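Open the model in your viewer and keep the sequence panel beside it. The tour below goes stop by stop, with a selection to make at each one.

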Amino acid sequence: MTVGILVDPSCDLPTPWYQSCQVTLVPNSLMLNDQTLVDKRDVAASQAFYRPTSAKQRAKVERPYDPHIAAQNLNPDSNHNGPFYPGINSNGPADALTANLPYQYDQLLIVTPYPSLSLSLPSVRATLTQAQPQIDALRQAARLVRPFRVRVLDSQSGYAGYGLVLHQALRLLGRKGYSVDQLKQSLDGFKVSLTTFVQPGQRAFDTAMLRKPPYQLGWLRRQQLKLTARRPIFQLDSDGAHWVQSRANANFENDFLAFAHDRLMRARLSKPLVNLSYAGDLADLRERPMFTAIHRQIRQQGGTLLYSMMALSSALQLGLGALSLAFVETRK
């Protein structure tokens, strides 16, 4: 019995964890003016995106899009004239499921982000229903007698929290050889202990995106942010995104790290592991004073800080400089 895992690029985790032969990543195709970007957590491509070579290029990536509006513009007959929109590869899960996966694995766990944060996997159950006869025929032709069993797990999180769910899944598979049903059952218990925070980046707090799920900020709250030059911090859970507090715009990355440091000081961590993702150059993040403070605090507790560049599709949703932090807490 072999078990594989399928995720999308918004699952933020350092690159080495995706090099496991058990992880299949379904890329997102993104249209940025006349340029097509394939979001597949490639380090070189991410660095090129986060280090634009001209002010014109930077202006393209600094303006976050509203994925709910943009998704309506995938029709080639659309009159959409905006600077960019996502070209979602809606066949990604189907292509993966009918290519190599039925030959590589007997069982597959598809881990999805919170539904309102997903670009490519919200219709995965429908995809499975449509693809199952073809998968069965492929395995029968290859004389694979085990039925191909697939389970779908909603991580109820996104960004860094989504990454921690994948991290835990790989740990369980590596140590205990779980079946897909045992793996899903264990992760269902794990995900409810996740605490995930996210802070939008450049100008994201003042866009239509924050009117939409999972944020759903009202007009008054958005006006308060605009007038006070502050940006929100949200906590993600099974009910969506909840406003936690706001921080000043002037040095918002370091302010979010200060917020994270304070929360980690007060948290009762059930696992000494913290995951951080950043929509920017990691070298810039490491220079922030509060990054050093967080790293030191976690090491003193015998823990590990994982950190990675945020997926390109997530950065286009949230804006450059967006941050996400996740850890596992003991609940009361």
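Start by selecting R143, which sits in the loop between α6 and β7. In this predicted model, R143 has a positive phi of about 60° although it is not a glycine. Is R143 buried or exposed? Colour by accessibility: R143 is exposed, because its relative accessible area is 77%.

Next, select Q156, in the loop between β7 and α7. Q156 also has a positive phi, about 55°, and it is not a glycine. With a relative accessible area of 25%, Q156 counts as partly exposed, because the partly exposed class runs from 20% to 50%.

**The four-stranded sheet**

Now show the strands β2, β1, β6 and β7. In that order they form an open sheet with parallel pairing. The edges are β2 (23-25) and β7 (149-154); each has a single partner strand, so one side of each is left without a neighbour in the sheet. From one strand to the next, the twist averages 25°.

Select residues 3-7 and 107-112 to isolate β1 and β6, a parallel pair joined over four bridges. Within this pair, I5 stands opposite L109 in β6. Then add residues 124-141, helix α6, which packs on the sheet and touches β6 and β7. The direction of α6 makes about 170° with that of β7.

Stay with helix α6 and pick V124, which is found in it. How does V124 count by accessibility, buried or exposed? V124 has 3% relative accessibility and therefore counts as buried. Draw a distance from the C-alpha atom of V124 to that of T112: the separation is 8.9 Å, for two residues 12 apart along the chain.

Add helix α7 by selecting residues 160-176. Helix α7 lies across β1, β2, β6 and β7, and runs at about 170° to β1. Leave α7 on screen, as it returns at the next stop.

**The six-stranded sheet**

Bring up β10, β9, β8, β13, β11 and β12. These six strands, in that order, form an open sheet, and their pairing is mixed. Which strands stand at the edges? They are β10 (240-248) and β12 (304-309); each has a single partner strand, so one side of each has no neighbour in the sheet. Neighbouring strands here are turned by 20° against each other on average, direction ignored.

For one antiparallel pair, select 194-199 and 230-237: these are β8 and β9, joined over three bridges. V198 stands opposite F234 in β9. Helix α7 packs on this sheet, where it touches β8, β11 (269-278), β12 and β13 (323-329). The direction of α7 makes about 130° with that of β11.

Now centre the view on N275. Which residue is the bridge partner of N275 in β13? It is A326. The strands β11 and β13 pair in the antiparallel sense over six bridges. Turn to β12, where N275 stands opposite L306. There, β11 and β12 run parallel and are joined by six bridges. Parallel or antiparallel, the strands of a sheet pair through backbone hydrogen bonds, so displaying the backbone atoms is a reasonable way to view these pairs.

**A cavity**

How many cavities of 30 Å³ or more does a search of the whole structure find? The search finds two. Go to the second largest cavity, with a volume of about 30 Å³. Select S10, L117, S313, S314 and Q317, which are the closest to its centre of the 10 residues that line it. Then show residues 312-318: this is helix α13, which supplies the largest share of the lining of the second largest cavity, three residues.

**The whole chain**

Finally, zoom out and show the full chain. It has 13 helices and 13 strands. Of its 332 residues, 52% are buried. Among contacts between residues at least 6 apart in sequence, 76% join residues at least 24 apart. Switch to a surface view to end the tour: the chain exposes about 15,000 Å², and carbon and sulfur atoms supply 47% of that area.

Definitions and conventions. Residues numbered from 1 in each chain as written. Predicted model: local features only at pLDDT ≥ 70, side-chain atom pairs only at ≥ 80, totals over all residues. Heavy atoms only, no water. Helix = DSSP H or I, 4+ residues; strand = E, 2+ residues; numbered from the N terminus. Buried < 20%, exposed > 50% of the residue type's maximum accessible area, 1.4 Å probe, protein only. Contact = heavy atoms within 4.5 Å. Areas by Shrake-Rupley, 256 points an atom, 1.4 Å probe, with all protein chains shown as cover. Pairing = 2+ DSSP bridges. Axes fitted to C-alpha atoms, helices over the stretch in contact; angles between N-to-C directions. 1 Å grid on protein atoms, 1.4 Å probe; cavity = no way out; pocket = protein on both sides within 12 Å on 5 of 7 lines; lining within 4 Å. Points joined across faces, edges and corners; volume = space filled by probe spheres on them.
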